[in-house]
Amino acid sequence: MQQQTSTQPAPTQPALTEGDRARLKATHLTGAQLAEYRRDGYLILPDLFSPAEVAAMKAELARIQRIDTDHLVREKTGGVAKTIYRVHEADGPTRSAVFHAASRAPRLLDPVRQVLADDALYIHHTKCNLKTAIDGSVWQWHQDYGSWQRDGIPEPRLTTALIMLDEPTELNGCLYFIPGSHREGSLEAEFNDATGYRFYVVPKPRLIELMQRSPEPVPIVGRPGTAVLFDCNIVHASGHNLSRHDRWQVYVVYNPVANRPKPVPSPRPDYVRSVNFHPLQPGSDDILAAAAAGIAPAGRAAAMTAPAAEVRR
Ligand SMILES: O=C(O)CCC(=O)C(=O)O
């Protein structure tokens, strides 16, 4: 019998854009990228998320910031949201299918697993800092582990993935890192809540001494969709937003399950100190399709979750 041949032209793949290529490349870090992360304490992954994904994340934060919940810290001036917590889980008032999908997307999770040299990770918290035009306030110089060790986390083995949703600039209050400062180890920290956000900062004399012998702080700027991985001991800060533009950023904090917190006398609430220690399962890189399909009910293993008494103050 004669073979039927199709007269239809073979379907062509849509051409990859520069952004698509960057996203594909970013899924597995090179030895040089890993060495850069270890040397400087951070690594920038430009254009990891597409403009459509960024738009979906921004729409979610615009929706969530109108919710009246304790999962949200407001600026002392104006009442606008400074920080929104726990957007990555399947439950709770600030849950979001888009952030649930983004925080598990292989293109983010793979590099995170590489820098932590561990595949069994959970999320200590997610924090969306909406540094809004004019109102968005300062974050003093600090190491994140200064607060997290008080959560009972035994070792400074966490990494944070920052996702830029607007273009951070020096005028709108971008983050600054002191390169290599993570190699100082965990510095003595003092409590501060000057802006309404309660955390531990590096005391001034120690900070100035460190700055005198360190490279100049680096402004962390980039296009929306850029991601930055950074060590939990890097000394960082950001200034007030003096511009007319918002500067929204999302932070996803990954910790090895083996480094989960030990019990502490007055634990912070679970929206900031997660007790969901179930290892993250890689999801899909098609974040928008995954979000549209909704959040699968799996994910919270009762046996891995701390008793309720440990969760609330
Ligand atoms: O979003 C910022 O500008 C700084 C946030 C920060 O340093 C933090 O949340 O620890």
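A residue is buried if 20 or more other C-beta atoms, placed from the backbone, lie within 10 Å of its own, exposed if 12 or fewer do, and partly exposed in between. This is a predicted model, in which local features need pLDDT of at least 70, side-chain atom pairs count only at pLDDT 80 or more, and totals for chains, interfaces and linings use all residues. Residues are numbered from 1 along each chain as its sequence is written.

Q: What percentage of the 313 residues in the protein chain is buried?
A: The total covers the 313 residues of the protein chain. By the criterion above, the buried share is 41%.

Q: Which strands stand at the edges of the open sheet of 7 strands?
A: Strands are DSSP runs of E of at least two residues, and helices are runs of H or I of at least four, numbered from the N terminus. Two strands pair if DSSP finds at least two bridges between them. The sheet has antiparallel pairing and the order β1-β11-β6-β13-β4-β3-β2. One side of each edge strand is left without a neighbour because each has a single partner strand; these are β1 (42–45) and β2 (72–74).

Q: Which residue in β13 stands opposite T160?
A: Strands β6 (residues 159–164) and β13 (residues 247–256) run antiparallel and are joined by 6 bridges. Opposite T160 stands V253.

Q: What angle does the direction of helix α3 make with that of β13?
A: Helix α3 (residues 51–64) packs on the sheet, touching β3 (81–85), β4 (121–131) and β13; contact requires C-beta atoms, placed from the backbone, within 7 Å. Axes are lines fitted to C-alpha atoms, for helices over the stretch in contact, with angles from 0 to 180 degrees between N-to-C directions. The angle is about 95°.

Conventions. Two residues are in contact if their C-beta atoms, placed from the backbone, lie within 7 Å.
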